[in-house]
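Take a look at the structure below. We will walk through it step by step, from single contacts to the place where chains meet.

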Amino acid sequence: MKLLTTIALLVASTLSLAETPQQIRQTYAAEAAAQQAGFTASAKRGETLFRQRFAVSDKMPDCTACHTANPVNAGQHVITGKSIKPIAVAGNGERFTDPAKVEKWFVRNCKEVVGRLCTPAEKADFVAYMSEVR
Amino acid sequence: MKRLTLIALLGLALPAFADRMPLPANTPASFKTECASCHLAYPPALLASKDWQTLMGGLKDHFGSDAAVDAKTAQEIGDFLSSNAGSPSKLGNAGNPPRITQTARFVRKHDEVPAKLWRDPRVKSAANCEACHRNAASGSFSERDLVLPELKR
């Protein structure tokens, strides 16, 4: 019986490579709560982050430079011109379902646009906004 | 005899395929997931092996962006690019950091493109192959598949 449970858990854990946006947001929120008691993710703060002008990079002063002011719409890379699928879940159901991919792009794009790594709190807020915006 | 003729014909036909550069069948999935999100998955034959190695060695600061991948993936992509790379003597110097768009071959193939078109908002960058070559992602660079009206003859 115990063996069966173990096997079931193992199978479940390999399948769970794909997650939901809620799970990914929860992971970042838990990380943030460990640093800041009582933290809960806020879509509103996520939107502020999305629209904030950092001006660290000339060509990419803010997230909207590539993702446009409406994250439900497709965007375009400002330098290469390549089209970018919508970043919001409402525009693209594949968003925020692969934790490794999400983290990889937070590292890259926060460095380039914000000029530093984003905090777990910022990441939780951002995922909340992108999951809720219609 | 027939076979020889066929081979000779194939040999003759090859240079005409310069406008067909689909990704090789053995392209690793990692090349598409890691090298095709910010721009086209460029055909490996458009840079020399040495230039691909230089480029792969500097992914942390890749034209101002962070394109870093883990060591295993870097090895896989690097090997693939090198083994399908183009001939250095035909391509010419790619500069540093290496750019396809700086090679003598690219410049020669594009000498008909009016200078101001490279900066046109519809194009943005010479590296944006798809702005002009509609089917670049499937490897077609033929004259027939050009999009911008200015380029039609």
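Which residue's side chain meets that of Arg25(A) in a salt bridge? The partner is Glu132(A), with N and O 3.1 Å apart. Keep in mind that this is a predicted model, and that the distance is computed from it. Now place the two residues on the chain. Arg25(A) sits in helix H2 of chain A, residues 21–35. Glu132(A) belongs to helix H6 of chain A, residues 120–132. The two are 107 residues apart in sequence, so their salt bridge ties together distant parts of the chain. Over all chains, the structure contains 11 salt bridges.

Next, turn to the aromatic rings. Over all chains, there are six aromatic pairs. One of them joins Phe31(B) and Phe80(B). How is such a pair described? The distance of the centres and the angle of the planes do the job. For Phe31(B) and Phe80(B), the centres are 5.2 Å apart and the planes make an angle of 55°, which counts as tilted. This pair, too, links distant parts of its chain. Phe31(B) lies in helix H2 of chain B, residues 29–35. Phe80(B) lies in helix H4 of chain B, residues 71–83. The two phenylalanines are 49 residues apart.

Now go to the interface. Here 18 residues of chain B are in contact with 13 residues of chain A. Between them, the two chains bury about 1200 Å². Carbon and sulfur atoms give 43% of that area. Which residues of chain B lose the most area to chain A? They are Cys38(B), Asp66(B) and Lys124(B), together 42% of what the chain B side buries.

Charges also meet across this interface. The rule finds three salt bridges between chain B and chain A. Among them, Glu34(B) pairs with Lys104(A), and their closest N and O atoms are 2.8 Å apart. The side of chain B that touches chain A is mixed: six nonpolar residues, seven polar and five charged. Eight residue pairs are in polar contact between the two chains.

Finally, check the confidence. The predictor gives the complex an ipTM of 0.81 and a pTM of 0.89. Chain B has a mean pLDDT of 90, and 88% of its residues reach 70 or more. Residues 8–16 of chain B are another matter: their pLDDT is below 50. Beyond near neighbours in sequence, this stretch has zero contacts in the model. Where pLDDT is low, do not read the predicted coordinates in detail.

How values were computed
Residues are numbered from 1 along each chain as its sequence is written. Chains are lettered from A and ligands numbered from 1 in the order in which they are written. This is a predicted model: local features need pLDDT of at least 70, side-chain atom pairs count only at pLDDT 80 or more; totals for chains, interfaces and linings use all residues. Side-chain values use heavy atoms; hydrogens and water are left out. pLDDT is the predictor's confidence in each residue, from 0 to 100. Contact means heavy atoms within 4.5 Å. Buried area is the accessible area (1.4 Å probe) that two parts lose on being put together, summed over both. A salt bridge is a side-chain nitrogen of Lys or Arg within 4 Å of a carboxyl oxygen of Asp or Glu. A polar contact is a pair of N or O atoms within 3.5 Å; within protein, one must be able to donate a hydrogen and the other to accept it, and residues adjacent in sequence count only if both atoms are side-chain atoms. Ala, Val, Leu, Ile, Met, Phe, Trp, Tyr, Cys and Pro count as nonpolar, Asp, Glu, Lys and Arg as charged, and the others, Gly among them, as polar. Rings of Phe, Tyr and Trp (its six-membered ring) pair if their centres lie within 6.5 Å; planes under 30 degrees apart count as stacked, over 60 as edge-to-face and the rest as tilted. Helices (H or I, at least four residues) and strands (E, at least two) are DSSP runs, numbered from the N terminus.
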